[in-house]
Amino acid sequence: MLGDFRKLVEILDHDTYTAHDKTKIIDLLKKHSVDVSQEISTQTILVNEPRGQARLLKGEGRNIEVRAEVTGRSDWVGWAELVKNDLSWDAVKNTARVIAEVNADILLTVEVEDRLTLHRFNKQVLTGQFDAEPYPFNMLIDGNDIRGIDVGLFSRHPITSVRSHIFDKKDSREIFSRDCPEFEIDIDGEPLWLLGNHFKSKIGGGGDKRKLQGERVAQLYQAALERSAHVVVAGDLNDTPGSPPLGFLEATSLKDAMTHDSYEGPPGTHGKCTSPNDKIDYLMFSPELFAKVDKVEVERRGIFEFGTPFDTVTGPGDQASDHAAIVAELDL
């Protein structure tokens, strides 16, 4: 569905619609139960067209077509969006339970809709449901992914600046659907730079894109080292140690937290977590920071497939995530 949504948005952005474009638009909309009345409860894609203005579609029910007078993007007013639906409340609470258990001073978040979501989760769920200490600072800059699966940050220390890098500005939407935010965090007067990432998934391929992402993040890491000796690269990198995308990062001075002497446990961070092939999430430190690491753990109890999940995790529908939380304690 996400792939179809991406294709639809790309076609809708064309300056000129060919006959094939118009056919493809309708095919994609019908595939996801869209009609003009937009009253079908199972639809997953919504074409939002303000009433009384230039419109894209005409017809009734599923008997729809692109208006003949619409020749391209400039001829209609509106947009396509994914239909919002509620997550399982149990899943939301289990996500908060993991975060409360971890109780990190700095927490990178992956696949977040927007900054308002971070704010509401912090106030209404993490604090409201678990009586956890709220995070005084949060930050999320809308990324380059049109699906709204962005990288954000919770922090108990001031976030003093943010940079957001699209990996290839020349043709970013064709090459990447992700970007790399850099968060500068003030730790008692000393800057710490955290580079947050969500690399392209293996589903449907994506290997070449992950390699380009790995290469670019390695460059950003080297640049960050010129600003501070305290640099972190973290996130869901969607590939295993020794893979070509990870090779660019492994060739730098970065150290993987899970290689620290204090870490004891399974090798994986995803799914059952029992195999090295299940390791796709990373917390990586510059040498000066790695030397300050006291302890590394992986919180896996929010995953249903893990052997001993929380008692509130009873199935895939209410798990906090299928990814674990990597936690490192540092003496700064």
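## Buried acids, salt bridges and cores

Lysine 211 and aspartate 208 both lie in helix H6 (residues 207-225), where a spacing of 3 residues separates them by about one helical turn. The side chains of lysine 211 and aspartate 208 meet in a salt bridge, with an N to O distance of 3.6 Å. The structure is a predicted model, and a search of the whole of it finds 15 salt bridges.

**Confidence**

- The chain has an average pLDDT of 90, and 92% of its residues score at least 70.
- Over residues 169-175 pLDDT stays under 50, although the model has 13 contacts for this stretch beyond four places in sequence.
- Where pLDDT is low, the predicted coordinates should not be read in detail.

**Salt bridges and their exposure**

- In the helix H6 pair, lysine 211 counts as partly exposed at 33% relative accessibility, while aspartate 208 counts as exposed at 56%.
- Aspartate 4 forms a salt bridge with lysine 31, in which the closest N and O atoms are 2.7 Å apart; this pair links distant parts of the chain, since aspartate 4 belongs to helix H1 (residues 2-12) and lysine 31 to helix H2 (residues 19-31), 27 residues apart.
- The two partners of that bridge have opposite surroundings with respect to solvent accessibility, for aspartate 4 is buried with a relative accessible area of 11%, whereas lysine 31 is exposed with a relative accessible area of 55%.
- Lysine 58 and glutamate 65 form a salt bridge whose closest N and O atoms are 3.8 Å apart; lysine 58 counts as partly exposed at 35% relative accessibility, and glutamate 65 likewise counts as partly exposed at 41%.
- A network of salt bridges links Glu101, Glu299 and Arg301.

**Two buried glutamates in strand E9**

- Glutamate 184 has its place in strand E9 (residues 179-187), and glutamate 182 lies in strand E9 as well.
- Glutamate 184 is buried yet has no salt bridge, given that the nearest side chain of opposite charge, arginine 227, is 6.8 Å away.
- The side chain of glutamate 184 is instead joined to that of serine 161 by a polar contact of 2.6 Å.
- Setting aside residues up to four places away in sequence, glutamate 184 touches Pro158, Ile159, Thr160, Ser161, Pro191, Leu192 and Trp193.
- Glutamate 182 counts as buried at 2% relative accessibility, and its side chain makes a polar contact of 2.7 Å with the side chain of arginine 227.
- Beyond its neighbours within four places in sequence, glutamate 182 is in contact with ten residues named here in full: Ser161, Val162, Arg163, His165, Trp193, Leu194, Leu195, Leu220, Ala224 and Arg227.

**Nonpolar cores**

- The largest nonpolar core has 27 residues, and those with the most contacts inside it are Leu194, Val232 and Phe285.
- Two or more residues of this core come from each of strand E7 (150-155), E9, strand E10 (190-198), strand E11 (231-236), strand E13 (281-285), helix H8 (287-290) and strand E14 (293-299).
- Leucine 194, when its neighbours within four places in sequence are left aside, is in contact with Ile106, Leu108, Leu153, Pro181, Glu182, Phe183, Ile185 and Val232.
- Another core, of 21 residues, lies apart from the largest one, and among its members are Val125, Ala132, Tyr135 and Val313.

Definitions and conventions:
Residues numbered from 1 in each chain as written. Predicted model: local features only at pLDDT ≥ 70, side-chain atom pairs only at ≥ 80, totals over all residues. Heavy atoms only, no water. pLDDT = per-residue confidence, 0-100. Contact = heavy atoms within 4.5 Å. Helix = DSSP H or I, 4+ residues; strand = E, 2+ residues; numbered from the N terminus. Buried < 20%, exposed > 50% of the residue type's maximum accessible area, 1.4 Å probe, protein only. Lys, Arg positive; Asp, Glu negative; His and termini not counted. Salt bridge = Lys/Arg side-chain N within 4 Å of Asp/Glu carboxyl O. Polar contact = N/O pair within 3.5 Å; in protein donor to acceptor, adjacent residues only side chain to side chain. Core = buried A, V, L, I, M, F, W, Y, C linked by side-chain atoms within 4.5 Å.
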